[in-house]
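Please look over the model below before reading on. The paragraphs that follow go from the ligand site to the backbone.

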Amino acid sequence: MARFTLYHVAPSRSSIAHWMLEEVGEPYDIHLLSMKRGEQAASDYLAINPMGKVPALKHGDVVITEAAAICAYLADEFPERKLNVPVGDPRRGVYLKWLFFGPSCIEPAIMDRSFPRKDPAPRGALGYGDYDTVVDVVARAVAKGPYLMGEQFTAADVVIGSGLRWGTHFKLLPERPEFSAYLARLAQRPALQRAEAKDKELAAA
Ligand SMILES: N[C@@H](CCC(=O)N[C@@H](CS)C(=O)NCC(=O)O)C(=O)O
């Protein structure tokens, strides 16, 4: 089987895919890019991801971009790792909902908070609705735990967990006991600890 190559800037949104690769435990290479040097916009990288953004994951001839899609791909590629909810399992709908909720609701809600619009958009026009509802819905979803899908840790936790980690770190999400308890559980995961330690090394190099 072809080895994986992660196109990565440490730390950045590609750290989501980095964490997921560590959860999967298959060997992978890192192709480090420097945003400071604008390498994400260079023509050789645009041939990989014409969006000029990381992450991108190469697996043989397949290139997958978009952090949540990479997490879903890896989870489905290695079902024996039990990081996905397979087709046919009635829990799959909820699992997919959370995978998509990250990039379609949590991330834009946080970014709009970070860079408020001059003219606020009407709730109905925004895919995520409004910030407070997004925060409440996610807080309820992680309250029971240990994970979004109950006892099973999945790729959805990598996606949603990364959004919550990032949002709380930059104080773009409120301090809620549900978030801190969930994030403390995620912080115990050896795969996340390995990815974080490697990102620190890469960032310092
Ligand atoms: N929708 C993309 C967003 C990726 C993204 O915005 N990555 C940032 C790093 S945090 C990037 O590559 N920025 C470089 C640029 O836009 O020039 C995903 O979820 O993977």
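How far is an oxygen atom of the ligand from an N or O atom in the side chain of Gln40? In this predicted model, that distance is 3.0 Å. Two further polar contacts of the ligand involve the protein backbone. A polar backbone atom of Val54 is 2.8 Å from a nitrogen atom of the ligand, and an oxygen atom of the ligand lies 2.9 Å from a backbone N or O atom of Ala67. The ligand exposes 510 Å² when taken alone, and the protein buries 76% of that area.

The surroundings of the ligand can be described by residue and by class. Gln40, Val54 and Ala67 are among the residues around the ligand, and so are Ser12, Arg13, Met35, Gly52, Lys53, Pro55 and Glu66. By class, this shell holds 4 nonpolar, 3 polar and 3 charged residues. The space that the ligand takes is the largest pocket.

Ser12 and Arg13 of this shell lead along the chain to helix 1, which spans residues 14-24. Are the residues of helix 1 mostly covered or mostly open? The helix is mostly covered, with 11 of its 11 residues buried. Among them are the charged residues Glu22 and Glu23, as well as His18 and Trp19. An α-helix has 3.6 residues a turn, so residues three or four places apart point the same way. In helix 1, Ser15, His18 and Glu22 are buried, and so are Ile16, Met20 and Val24. Just after the helix, Gly25 takes a positive phi of about 80 degrees.

Ahead of helix 1, the backbone has a cis peptide bond between Ala10 and Pro11, with omega about -10 degrees. Pro11 is in the loop between strand 1 (4-8) and helix 1. Another cis peptide bond joins Gly145 and Pro146, where omega is about 0 degrees. Pro146 is placed in the loop between helix 5 (131-143) and helix 6 (155-169).

Positive phi also occurs at residues that are not glycine. Lys82 has a phi of about 60 degrees and is placed in the loop between helix 3 (67-77) and helix 4 (92-114). Lys171 has a positive phi of about 55 degrees and lies in the loop between helix 6 and helix 7 (177-187). Why does Lys82 count as exposed? Its relative accessibility is 57%, and a residue is exposed when that value is over 50%. Lys171 likewise counts as exposed, because its relative accessibility is 66%.

How values were computed
Residues numbered from 1 in each chain as written. Predicted model: local features only at pLDDT ≥ 70, side-chain atom pairs only at ≥ 80, totals over all residues. Heavy atoms only, no water. Near = heavy atom within 4 Å. Polar contact = N/O pair within 3.5 Å; in protein donor to acceptor, adjacent residues only side chain to side chain. Areas by Shrake-Rupley, 256 points an atom, 1.4 Å probe, with all protein chains shown as cover. 1 Å grid on protein atoms, 1.4 Å probe; cavity = no way out; pocket = protein on both sides within 12 Å on 5 of 7 lines; lining within 4 Å. Sits in = over half its atoms within 2 Å of the grid points. Nonpolar A, V, L, I, M, F, W, Y, C, P; charged D, E, K, R; others polar. Buried < 20%, exposed > 50% of the residue type's maximum accessible area, 1.4 Å probe, protein only. Helix = DSSP H or I, 4+ residues; strand = E, 2+ residues; numbered from the N terminus.
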